[in-house]
Amino acid sequence: MIVARRCGGAPSTNGAMPMPTVVRDLMSSPAVTCEAGTSLAEAARVMRDAGTGSVIVTERAKVAGILTERDLLRAAAAVTTASAETVEMWMTANPDVLGPDEEVDAAWTSLAHHQYRHLPVVDAHDLVGVVSLRDLMGVARLRPADEHGTEIPAGLEGVVAAETALGDVRGEEGFFHYRQYSAVELAARRSFEDVWYLMLEGELPDRDQARRFAGEVAGLRHLPPGLASMLPEVAERGSPFEVLRTAVSLLGAEMGWRPTHDIGGAELRAQALRLGAVVPTIMAAAYNLGEGRTPVGPRSDLSSAANYLWMVTGTEPTALHARAVEQYQILTIDHGFNASTFAARVITSTGADLAAAVCGAIGALSGPLHGGAPSRALAMLDDIAGADRAEEWLRAAVDRGDRVMGFGHRVYKTDDPRSLFLRDVARSLGGPLVDLAEQVEGTAVDVLAEMKPGRRLFTNVEFYAGVVMNTCGIPREMFTPTFAAGRTIGWTAHVIEQEAHNRLIRPAARYTGPPPPVPVPVPGP
């Protein structure tokens with residue numbers, strides 16, 4: 001096994017290392033490599049031993065490709081024996097490379113544009129190292145607002161705004177993780193409470209820790225008396241998701257939550273647990289009140305997902321349905337610096353209280369471009385009605401310029417791993433809606449590839465999320481609230497992380513109006 005080491009110049013006269021300016025200053029050398037004919041099992045061992053998420057594939061000492069964790073996951077889903085498959089069958093061939101004397105900014109641009117995590121460094125066709133996104137984040141800096149020629153990407157796409165240990169999304173690879181674990185693997189193997197613990201504590205619980213934590217959060221599900229008394233009136237005036245925004249604000253006021261700037265980590269963690277536990281209760285109560293029914297109280301003997309279904313439907317769910325919803329909510333806990341998570345962190349950076357930060361996140365999630373697509377994707381399936389109508393319907397929609405709901409993602413340039421996982425969950429549930437969804441998916445991918453060449457549009461999490469939730473008995477107006485129940489865990493984890501290393505988030509803007517100063521005209525008589 002080859003262990004990489006960091007390159008760099010000599011210390012300056014004051015003992016500090018100089019700011020890296022070219023790739024050779026920050027690359028790791030030698031790179032972790034394997035031959036193209038290496039088995040996947042051996043490549044996985046090399047990556048594990050080196051503690052890296054990718055390995056550079058070489059052939060006769062030249063760069064032939066790159067193999068990532070995502071490639072290993074794809075292979076594992078398709079084959080039975082990793083020892084029988086070779087790296088060259090699953091690698092990305094002929095990846096972009098960098099020269100050791102290229103500017104750091106050029107390396108950053110290449111990584112951000114392709115959404116890669118690692119790039120080989122090649123000097124005269126010889127592999128001399130590898131540079132990673134983590135390397136670049138260590139020297140990233142914001143340019144002055146008045147610097148001319150600096151391009152501002154629309155929507156801040158690709159801009160690194162902060163560092164986080166909570167997770168990341170690798171869009172080009174179709175992979176995302178919570179802490180050090182694949183989020184998809186967590187959804188397959190662990191409970192919602194276990195992943196909640198992971199987000200807060202940084203490690204998965206053992207059996208005793210898991211039991212104690214599940215009992216702790218189950219005891220926090222009840223509504224406080226003031227909120228319980230006010231909720232019926234609030235529920236008359238909005239949807240369950242709209243009610244949630246107001247209810248969280250009321251909760252913070254009733255509980256006396258102080259600004260995060262003025263409290264310690266233990267107090268903030270206790271608030272985060274209370275909020276994460278009570279949000280499902282708020283939304284289920286708001287839904288039932290809106291339907292003219294008495295709210296169903298929480299049960300501490302049920303898991304988080306089973307209790308949520310119980311409170312929404314009034315019926316104890318089957319183990320299959322409870323697990324399906326649990327897996328969906330695990331997959332929605334966190335997903336990079338999305339709009340709502342970033343909103344929560346910006347608000348937290350001001351020192352505001354937890355309720356204020358989460359209210360801001362809820363406001364961001366209310367936008368249809370962020371969290372409202374599962375019901376819209378399901379409405380599309382309703383409109384198509386049958387597989388024989390799918391191609392005609394989809395072609396007409398694309399011709400009109402309509403967005404095909406449930407397809408395409410801002411970050412993923414390949415299959416959304418959440419969608420792939422939820423497709424399997426949907427198959428386990430079965431039913432005509434699942435069959436229709438799979439048929440429409442296949443037709444849509446072909447139609448979009450033909451009519452929107454180069455766009456690489458695949459199903460996103462919303463497409464099968466709606467199918468899963470509908471099949472499990474969750475009404476459509478509760479799709480976004482169900483998403484929020486999971487994402488609240490991620491929001492609160494980000495609030496805790498932001499406060500622990502806080503600095504006010506205060507970016508600059510480039511002024512594009514008329515050149516100032518212009519004399520102020522004097523009003524006429």
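**Aromatic pairs in a predicted model**

Mentor: In this predicted model, Phe337 counts as partly exposed, at 31% relative accessibility.

Trainee: Why is Phe337 called partly exposed?

Mentor: Buried means under 20% and exposed over 50%. The 31% of Phe337 falls in between, so the residue counts as partly exposed. Phe342 has 26%, so partly exposed applies here too.

Trainee: What makes Trp196 buried?

Mentor: Its relative accessible area is 2%. The cut-off is under 20%, so Trp196 is buried. Phe213, at 4%, is buried as well.

Trainee: How many aromatic pairs does the structure hold?

Mentor: Six. One of them joins Trp196 and Phe213, with 5.7 Å between centres and 90° between planes.

Trainee: Why is the pair of Trp196 and Phe213 called edge-to-face?

Mentor: The centres must lie within 6.5 Å, and 5.7 Å meets that. Planes over 60 degrees apart count as edge-to-face, so 90° settles the label.

Trainee: What does this pair tie together?

Mentor: Trp196 lies in helix 6 (residues 192-201) and Phe213 in helix 7 (residues 207-218), so the pair links parts 17 residues apart in sequence. Trp196 and Phe213 also belong to one aromatic cluster with Phe192 and Tyr197.

Trainee: Why is the pair of Phe337 and Phe342 called tilted?

Mentor: The centres are 6.2 Å apart, within the 6.5 Å limit. The planes make 35°. Stacked needs under 30 degrees and edge-to-face over 60, so the pair is tilted.

Trainee: How do you know that Arg299 lies over the face of Trp310?

Mentor: Arg299 is at 4.9 Å from the ring centre. The distance limit is within 6 Å, so that test is met. A charge over a ring must also be within 35 degrees of the ring normal.

Terms used. Residues numbered from 1 in each chain as written. Predicted model: local features only at pLDDT ≥ 70, side-chain atom pairs only at ≥ 80, totals over all residues. Heavy atoms only, no water. Helix = DSSP H or I, 4+ residues; strand = E, 2+ residues; numbered from the N terminus. Buried < 20%, exposed > 50% of the residue type's maximum accessible area, 1.4 Å probe, protein only.
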